[in-house]
Amino acid sequence: MTAYAVAHMRQVTPGPWMIEYLEKIDATLAPFGGRFLVHGGDVELVENNWPGHLIVIEFPDRQHVRDWYNSPAYQAILSLRTENSQSDVIFVDGVEHPHKATDVLG
């Protein structure tokens, strides 16, 4: 089942460290089938507040997400982000299609 790495980047300290992180992350994703679906961009706020940016990276399944995150290549650049931003990161599975809202009740 398709899985996602989702990050809510609330605050980022710009600098050469973030440029280095951005320049290197794509190469860490490729071996695990990862691809950006959402990467920052302008949000349209319709309820409450949303400080920061949203990042969504798609992977073939949850194991690929874990393997990417724990890979030596990603671990080598991780501190560039974690030491220079405030963010929440989760891994989540997608849903099988077709999916109805009531499927979560069963």
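At 72% relative accessibility, N48 counts as exposed, and that makes a handy place to start looking around this predicted model. N48 sits in the loop that links strand 2 and strand 3. Its backbone is a little unusual too: N48 is not a glycine, yet its phi is positive, at about 55°. For context, most residues other than glycine have a negative phi, and most peptide bonds are trans.

There's a second backbone oddity further along. Going from H97 to P98, the peptide bond is cis, with omega near -5°. You'll find P98 in the segment that follows strand 4 (85-93).

## The overall layout

Now step back and take in the whole chain. It has 3 helices and 4 strands, and if you read along the sequence they come in the order β-α-β-β-α-α-β. The C-alpha atoms fill a box of roughly 45 × 35 × 20 Å, taken along the principal axes. The chain has 106 residues, and 30% of them count as buried.

The contacts tell you how the chain comes together. Take those with a separation of 6 or more: 77% of them are between residues 24 or more positions apart.

## Strand 3 and its partners

Strand 3 covers residues 53-59, and 5 of its 7 residues are buried, so the rest of the structure largely encloses it. It pairs with two other strands. Strand 1 (residues 3-12) runs antiparallel to strand 3, and 7 bridges join them. One spot to look for is A5, whose bridge partner in strand 3 is I57.

Strand 2 (residues 35-39) is also antiparallel to strand 3, with 4 bridges between the two. On this side, V38 stands opposite V56 of strand 3.

When you follow any of these strands by eye, keep one general point in mind: in a regular strand the side chains alternate between the two faces of the sheet.

## Helix 1

Helix 1 spans residues 16-29, which is 14 residues in all. From its first C-alpha to its last it reaches 21 Å, close to the 20 Å expected at 1.5 Å a residue. Even so, helix 1 has a bend of about 25° at E23.

Which residues of helix 1 are buried? They are M18, Y21, I25, T28 and L29. The elements covering them include strand 1, strand 2, strand 3, helix 2 (62-70) and helix 3.

## Charged pairs

Side chains of opposite charge can pair when their charged atoms come close. The count here comes to 4 salt bridges, and the table lists three examples, including the distance between the closest N and O atoms.

| Acidic residue | Basic residue | Closest N and O atoms |
|---|---|---|
| D88 | R10 | 2.5 Å |
| E20 | K24 | 2.8 Å |
| E58 | R35 | 2.6 Å |

Start with D88 and R10, which form a salt bridge. D88 belongs to strand 4 and R10 to strand 1, so this pair ties together parts that are 78 residues apart in sequence. D88 is partly exposed, at 43% relative accessibility, and R10 is partly exposed as well, at 33%.

E20 and K24 are a local pair: both lie in helix 1, 4 residues apart, or about one turn of the helix. E20 counts as partly exposed with a relative accessible area of 30%, and K24 is partly exposed at 38%.

Then there's the salt bridge between E58 and R35. E58 lies in strand 3 and R35 in strand 2, so the pair ties together parts that are 23 residues apart in sequence. What about E58, is it buried or exposed? At 17% relative accessibility, E58 counts as buried, because the cut-off for buried is under 20%. R35, at 47%, is partly exposed.

## A buried arginine without a partner

One more charged residue deserves a look. R81 is in helix 3 (residues 72-82). R81 is buried but has no salt bridge. Which side chain of opposite charge is nearest to R81? That would be D88, 8.9 Å away. As you saw above, D88 forms a salt bridge with R10.

R81 does have company, though. Setting aside neighbours within four places in sequence, R81 is in contact with M9, M18, Y21, Y69, Y74, S87 and V89. Two of those names, M18 and Y21, should ring a bell: they are among the buried residues of helix 1.

Note on methods:
Residues are numbered from 1 along each chain as its sequence is written. This is a predicted model: local features need pLDDT of at least 70, side-chain atom pairs count only at pLDDT 80 or more; totals for chains, interfaces and linings use all residues. Side-chain values use heavy atoms; hydrogens and water are left out. Buried means under 20% relative accessible area, exposed over 50%, partly exposed in between (1.4 Å probe, protein chains only). Two strands pair if DSSP finds at least two bridges between them. Lys and Arg count as positive and Asp and Glu as negative; His and the chain ends are not counted. Contact means heavy atoms within 4.5 Å. The expected span of a helix is 1.5 Å times one less than its number of residues. The bend at a residue is the angle between axes fitted to the seven residues ending there and the seven starting there.
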